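Grab a pencil and work through the exercises below. Try each task yourself before you read its solution.

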Amino acid sequence: MELTKKAFIIFFLYVAIVAFVFNVIEFERKTDEPIVEIEQEVIELDVTPMRTARPTISSTEIPTPTPMPITPTDMLIAENVSPQEFYDACLSRGMVTGVNEEDHITKERGGCMGASGRETYYNLNMSKCVSFMRELGYSEEEYPYWIREDGAKMLGLYVMCAANWKIRPKGTIIPTSLGDAIVVDTGEFVADFPYGVDLAVDW
């Protein structure tokens, strides 16, 4: 009788241990399931954003001369009108964008971030650049070289600038803090700042 009682106790303990172990395993399995689901959801939602590539243009392309918004003849103004007067008239009529009075590059400032990228300035002889642009069809009549009252070097209605020809070939018109500019030159700075713009000024 004593042996039977001991056997029953041992059997009961054995069943209790097995049941306890089973419950622990089942509890851990159920606890892990939500974690696996959450991790899977995170993996599925972890999407790398697509980067939109900026368009590039071959530097070998020959630009077509940018048509002037209006010519002196169209404006019916005096034959001896100066480039500055013609520019001011076009500016007042909204035919060209002028200086951003709120934020623009200055000699003291040295540079700024403009509408088309990082802006700097340089003051060099522009005769070769003007000659190259003449060969491309930018005539003296419609695109005279002159210096604006604020010191910007102009080709017609546009501030002359240097940029990366692989992205902005000669003749490209871009907005800057000094107004609409035309690409006529390039420089070593494009190696570090491919979207940089160097504005030609008389400072």
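Helices (H or I, at least four residues) and strands (E, at least two) are DSSP runs, numbered from the N terminus. This is a predicted model, so local features need pLDDT of at least 70, side-chain atom pairs count only at pLDDT 80 or more, and totals for chains, interfaces and linings use all residues. Residues are numbered from 1 along each chain as its sequence is written, and side-chain values use heavy atoms, with hydrogens and water left out.

**Exercise 1. Place Met-113 and describe its surroundings.**

Step 1: find the element. Met-113 sits in strand S1, which covers residues 112-114.

Step 2: check the exposure. Buried means under 20% relative accessible area, exposed over 50%, and partly exposed in between (1.4 Å probe, protein chains only). Met-113 counts as exposed because its relative accessibility is 59%. Cys-112, in contrast, is buried, with a relative accessible area of 9%.

Step 3: list the contacts, meaning heavy atoms within 4.5 Å. Once neighbours within four places in sequence are set aside, Met-113 touches Asp-103 and Arg-118.

Step 4: look along the chain. Thr-176 is 63 residues away from Met-113 in sequence, and their C-alpha atoms are separated by 9.0 Å.

**Exercise 2. Sketch the overall fold, then decide where to trust it.**

Step 1: count the elements. The protein has 4 helices and 8 strands, and along the sequence they run α-α-α-β-β-α-β-β-β-β-β-β.

Step 2: take stock of burial and surface. Of the 203 residues, 33% are buried. The protein exposes about 13700 Å², with carbon and sulfur atoms supplying 60% of that; accessible areas come from the Shrake-Rupley method with a 1.4 Å probe, and for residues only the protein chains shown count as cover.

Step 3: see how far the contacts reach. Among contacts with a separation of 6 or more, 61% join residues 24 or more positions apart.

Step 4: check the confidence. pLDDT is the predictor's confidence in each residue, from 0 to 100. Its mean here is 78, and 63% of the residues reach 70 or more. Helix H2 (residues 72-75) has the lowest confidence, at a mean of 54, while strand S5 (residues 158-162) has the highest, at 98. Over residues 33-60 the pLDDT is below 50, and this stretch has 11 contacts in the model beyond near neighbours in sequence. Where pLDDT is low, the predicted coordinates should not be read in detail.

**Exercise 3. Find the salt bridges and say how exposed each partner is.**

Step 1: set the rule. A salt bridge is a side-chain nitrogen of Lys or Arg within 4 Å of a carboxyl oxygen of Asp or Glu. Side chains of opposite charge can pair when their charged atoms come close.

Step 2: search the whole structure. That gives 3 salt bridges:

- Arg-109 pairs with Asp-103, with the closest N and O atoms 2.4 Å apart. Arg-109 is partly exposed at 43%, and so is Asp-103, at 31%.
- Arg-134 pairs with Glu-140, and here the closest N and O atoms are 2.7 Å apart. Arg-134 is partly exposed at 24%, as is Glu-140 at 49%.
- Asp-150 pairs with Arg-148 at 2.8 Å, N to O. Asp-150 is partly exposed at 32%, whereas Arg-148 is buried at 6%.

**Exercise 4. Which side chain of opposite charge is nearest to Asp-185?**

Step 1: locate Asp-185. The residue belongs to strand S7 (residues 179-185).

Step 2: sort the charges. Lys and Arg count as positive and Asp and Glu as negative; His and the chain ends are not counted.

Step 3: look for a partner. The nearest candidate is Lys-170, 7.2 Å away, and Asp-185 is buried without a salt bridge.

Step 4: see what does surround Asp-185. Beyond four places in sequence, the contacts are Tyr-122, Cys-129, Cys-161, Ala-162, Ala-163 and Trp-165.

**Exercise 5. How many disulfides are there, and where does Cys-90 sit?**

Step 1: apply the cut-off. A disulfide is a pair of cysteine sulfur atoms within 2.5 Å, and the count comes to 0.

Step 2: place Cys-90. This cysteine is one of the buried residues of helix H3 (residues 83-92), along with Gln-84, Phe-86, Tyr-87 and Ala-89. The relative accessible area of Cys-90 is 0%.

Step 3: follow the chain onwards. After H3 comes Gly-94, with a positive phi near 75 degrees.
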